[in-house]
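User: I would like a close look at a single part of this model. Please keep it brisk.

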Amino acid sequence: THEGAMWSELRMAAGVPTPITQPSGRAIPTAARLVVTDSENTATGDAERGTIRLHLPTNNVIRSRLLFWGDLTVPLLGIPTVPLTLHAGDRVLARDEQGRALISLSAQPETVLHIGMDIGRLFRVMRFGIPNRANLDRDGNGEIQPLDLLPAIDRSYTAVPFQDLFIERALTTLEQQLPCPFLRTRGLPAHITSLLVLTADQDYASDATVLAMAEELAAREARATFLLTDPHIGHRADMHVQAGETAPEPLSHEAIEDLLEFGHDFGAHPFPAQPADIRAHAVGVRNLTGMPALLFRNHHLRWFGYQSIPEAEASSGGRMNLDVMPIALRGSTLPCVGFPAGSAHPIHMLADEEHRLPVLQQMTMIDDYSLRRSTYAEMRSAVPELLEAAHAIIASARRQQVPIVVNAHPTIYKFAPDWLNTLLEISEVRTFS
């Protein structure tokens, strides 16, 4: 049964590829096989097959708010759910807030994990949003951003990567009933417990400001992807970031050479007035650096339509979008920290339920925007709150063995470097993506 693009992405993000077969067509017997289906006819008698069966609502729809699976809580946002009918030998694993069984496990005639909802569709909406919300400033912060497409999820839930934990728990539950585990292809390198992936939004910063940050990072054995702006492409550059720290021209070729010597690489940070500006910006990055821009994050997280931005990035040779991150709404000073949509894993952007784009969506978990204050003293006074929140997220990532994407701005780092330097000290690997 065709599992659909979203489940395929979730499975691959968790490191379980499509079953590998021998030339004869038989599956390699050392790894169990995973099937995701909404069909009732799942039994095959295959002892090495684990099945996730989705029970999709047809009538008498019940809407649940929360799923409780042991110590894991998943917000369901009121999606239609199906309380499961239990049979002899079935074991209930998870319930909703009313105590209704939503996940159960049966082992006869084969191992099946029953899920009483379209969890793949829920996670897809959480990550990519709702198309009819396109081009609406729903949070009132004066910018149209990808978060305007997404359903609101309380910060208490996004403190952990609940999507990743849900999929991992489902796979582990099945594996425990099978004679051999699933073949796994991903995970942090052996003996690595903490990995920071560093990006730096240039935001029109001058050569001197960018190079000061680049040199300090290199001295700390950290490498970053500097996402480059160009004040001549797209919207007029907002040069108010820090008085005297921005420049009216792109980085010089000399600065690019110095960044490469420090071990850093490059991506794109456009400020598009229209999607076509992304393509022009990508050409500018290639002309300046001699290499293609593979990573994109828009200035102000600017967004158009539903998938117009990743489509433009794909046509420009882009391979990863970093525009989804925790943001502080207007007037808020809360740290921009969390797992947006409850995930740390990259998956392909989906144009619809069946078609993927060649651009990965990677969440950004920590950003220094909360330090953007009116005075340098206020900026530095906000560092402890950001660090406290960042420490908690990194601790959660360490437990789950997932990387953390951290974004910093040279114009902020120059005056408040302690927050990022502290994170570098507690992380074993500090690299670009």
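In what order do the strands of the open sheet run, and with what pairing? Please go on to the surroundings of that sheet, then to Arg-297.

Analyst: This is a predicted model. Its open sheet has 7 strands in the order 1-2-7-6-5-3-4. The pairing is mixed. Strand 1 (33-37) and strand 4 (72-81) form the edges. Each has a single partner strand, so one side of each lacks a neighbour in the sheet. From one strand to the next, the twist averages 20 degrees.

Take one pair inside that order. Strand 5 (residues 91-96) and strand 6 (residues 101-106) run antiparallel. They are joined by 4 bridges. Ala-94 has Ile-103 of strand 6 as its bridge partner.

A helix covers these strands. Helix 3 (residues 162-175) lies across strands 1, 2, 3, 4, 5, 6 and 7. Its direction is at about 95 degrees to strand 4.

Now to Arg-297. This residue sits in the loop between strand 11 (295-296) and helix 7 (308-315). Arg-297 counts as buried because its relative accessibility is 0%, and the cut-off for buried is under 20%. Its side chain has two polar partners to note. One is the backbone oxygen of Leu-322, reached at 3.2 Å. Another is the side chain of Thr-364, with a polar contact at 2.9 Å. Beyond its neighbours within four places in sequence, Arg-297 also touches other residues, including Thr-199, Asp-201, Leu-227 and Ala-268. His-269, Pro-270, Asp-323 and Met-325 are among its contacts too, as are Val-405 and Asn-407.

How values were computed: Residues numbered from 1 in each chain as written. Predicted model: local features only at pLDDT ≥ 70, side-chain atom pairs only at ≥ 80, totals over all residues. Heavy atoms only, no water. Pairing = 2+ DSSP bridges. Helix = DSSP H or I, 4+ residues; strand = E, 2+ residues; numbered from the N terminus. Axes fitted to C-alpha atoms, helices over the stretch in contact; angles between N-to-C directions. Contact = heavy atoms within 4.5 Å. Buried < 20%, exposed > 50% of the residue type's maximum accessible area, 1.4 Å probe, protein only. Polar contact = N/O pair within 3.5 Å; in protein donor to acceptor, adjacent residues only side chain to side chain.
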